[in-house]
Amino acid sequence: MQHKIEHGPAFAWLRVQLAAGDSIRAEAGAMVMRTPDVQMETHLNAGYRPGIFRVIWAFFVALLRKLLGGETMFLNDFSTTGANGEVVLAPSLAGSIVHKRLQPGQRLFVQAGGYLASTGSLDTKVRFGGLRTLLGGEGLVLLECSGEGDLFVNSYGGITPIDVRGALTVDTGHIVAFDGTLDFKVGSVGGMKSLFLSGEGLVCRFFGQGTVYIQSRNVASLASWISPLLPG
Amino acid sequence: MQFELNYRPSHSLATAHLEPGETLRAEASAMVSMTRNLEVHTSFRGRPGAGFMQSLKRGFLGGESFFTNTFTAVSGKGHVSLAPKLCGDMVVHELTSSHELFIQGSGYVAAPDSVELDTRWQGFKGFLSGESLFFLRALGQGPVLINALGALETIDLDGELILDTGHLVAFTTGLEYEITKASAGWIDSFLSGEGFVLRIWGRGRLYVQSRNPAEYGKTLGHKLPARQQ
């Protein structure tokens, strides 16, 4: 499988070349186009869990992921029987796409709604950044991605990878993804006063060694700017 | 008439350079600035001789404003700059008498009066997809300015392609299409989030936008407060 990220940083899309036997999984609604020899198969976004109540279980897991994790309830698998199929995938908002290859044992945390596509045995689980993050209204809900394969994450705005050696503080609304090797703690910039008055809301403090991917714009800020402009 | 494009692809701006006597027709509200020697007329008309009903048809079916502004350079050369509503790219398609161009609803920005615009009725199939599938049919000769949400990809197709309806901007004659289910089954097609797709085949050019306006609105809409009744 070969891939190319084009039209970035403002309106990036992911172009994937599939050979026979290759397969890529993407969030529902992400397909822009595909060649006729590429098949699409839809299934619940519930990981790989065998068992007799599999379908019922999968339904609730998928629902939970949609409601809490900002993910789509269904995922589409694209594969081909031909020699060179092509599928183009795009996120819904303006922004970039970043590619990360995960090895077994490696983990990447992705901001809710950031998942675009993946290959191989990659699996995702919903994780919370702690109770305090939910109280802040800017809730930090994360997807923990593990397994082996390629992962494609989308952002709102441009993506900058930052190598953390020691510590880094990031506004929670600007986090795209970060390595599982990093420890993190969510809190306010200063005390309670700064939480409400600094305009910074919540921040995430990272410790240790690893990469943090940040985005140059914040969707929550866009929404709060646009809301008062809408007609009643 | 020459079009000059700047600030591509995110915030593209087009400037039409008019020779003396030339006339440009542009979508209402697209004008940004213009020279003083341009005469502006606002009309219902899609083309000379067309009546109110035809412009109404254009407005309701084509997703376009049914007012059109015409700009005519009356003494000497002039220019007018144009901007679409959405963030994204614009391209100029050179229309010749050998083919026609079908432009999806909001994709049309401007063209000289040597280009005629007409609405092609798509039948009820278009309604099922939840995305308006009405096309403006451009015929004649001259440059046609089209716009997109996001980047614009030009594809010279010789074969077949399956395309999400919300990503299609325009295509030329020589291409045939049908609206079809995204997957083999009805339930899967619905759940896949793709719903209906276009199967497009033949030989011709098509323009694809990298973002889907309906999806963009839906994603952003979920983050906005509910509308008060």
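# A guided tour of chains A and B

I56(A) is a residue of helix α1, which spans residues 54-69 of chain A. The model on display is a predicted one. Select I56(A) together with F59(A) and F60(A): these residues make a nonpolar surface patch of about 310 Å².

**Stop 1: the salt bridges of E6(A)**

Opposite charges are the next subject. Side chains that carry opposite charge can pair when their charged atoms come close. Over all chains, the structure holds 17 salt bridges.

Select E6(A) and R15(A), and display their side chains. The two meet in a salt bridge, with an N to O distance of 2.9 Å. Both E6(A) and R15(A) are buried.

Keep E6(A) selected and add K4(A). Here the side chains also form a salt bridge, at 3.9 Å from N to O; the cut-off for such a contact is 4 Å. How exposed is each of the partners, E6(A) and K4(A)? E6(A) has a relative accessibility of 17% and counts as buried, because the limit for that class is under 20%. K4(A), at a relative accessible area of 49%, is partly exposed, since a residue is termed exposed over 50%.

**Stop 2: a link between distant parts of chain A**

Now select D77(A) and R25(A). Their side chains meet in a salt bridge of 2.8 Å, N to O. This pair links distant parts of the chain: D77(A) lies in strand β6 (residues 74-80) of chain A and R25(A) in strand β3 (residues 23-27) of chain A, 52 residues apart. D77(A) and R25(A) are both buried.

Return to E6(A) and extend the selection to K4(A), R15(A), E86(A) and E153(B). These five residues belong to one network, joined by salt bridges that share partners.

**Stop 3: the cysteines C145(A) and C204(A)**

How many disulfides does the structure contain over all chains? The count is zero. Select C145(A) and show its sulfur. The closest cysteine sulfur is that of C204(A), and because it lies 16 Å away, it is too far for a bond. A disulfide would require the two sulfur atoms to be within 2.5 Å. Taken from the other end, C204(A) likewise has C145(A) as its closest cysteine sulfur, at 16 Å. The relative accessible area of C145(A) is 0%, which makes it buried. C204(A) is also buried, with a value of 0%.

**Stop 4: strand β13 of chain B and its sheet**

Move to chain B and select residues 142-147, which form strand β13. Is this strand mostly covered or mostly uncovered? It is mostly covered, as six of its six residues are buried.

Add residues 90-95 of chain B, strand β8. Six bridges join β8(B) to β13(B), and the two strands run antiparallel. To see the register, select M90(B), which stands opposite N147(B) in β13(B).

Next add strand β10, residues 108-112 of chain B. It is joined to β13(B) by two bridges, again with the strands antiparallel. Y108(B) and I146(B) stand opposite each other in this pairing.

With these strands in place, show the whole sheet. It is an open sheet of six strands in chain B, ordered β5-β6-β3-β10-β13-β8, with antiparallel pairing. Why do β5(B) and β8(B) each have one side without a neighbour in the sheet? Both stand at the edges, β5 covering residues 38-43, and each has a single partner strand, so one side of each is left free of a neighbour in the sheet. From one strand to the next, the twist averages 20°.

**Stop 5: the four-stranded sheet of chain B**

Finish with another sheet in chain B. Its four strands form an open sheet in the order β1-β2-β7-β4, and the pairing is antiparallel. The edges are occupied by β1 (2-6) and β4 (31-34) of chain B; each has a single partner strand, and therefore one side of each is without a neighbour in the sheet. Neighbouring strands of this sheet are turned against each other by 20° on average, direction ignored.

For a closer view, select β4(B) and strand β7 (residues 78-82) of chain B. Three bridges connect them in the antiparallel sense. Which residue of β7(B) is the bridge partner of S33(B)? The partner is S81(B).

Key:
Residues are numbered from 1 along each chain as its sequence is written. Chains are lettered from A and ligands numbered from 1 in the order in which they are written. This is a predicted model: local features need pLDDT of at least 70, side-chain atom pairs count only at pLDDT 80 or more; totals for chains, interfaces and linings use all residues. Side-chain values use heavy atoms; hydrogens and water are left out. Buried means under 20% relative accessible area, exposed over 50%, partly exposed in between (1.4 Å probe, protein chains only). Two strands pair if DSSP finds at least two bridges between them. Axes are lines fitted to C-alpha atoms, for helices over the stretch in contact, and angles run from 0 to 180 degrees between N-to-C directions. Patches are made of residues with over 30% relative accessible area and no salt bridge: like charges are joined within 9 Å, nonpolar side chains (Val, Leu, Ile, Met, Phe, Trp, Tyr) within 5 Å. Accessible areas come from the Shrake-Rupley method with a 1.4 Å probe; for residues, only the protein chains shown count as cover.
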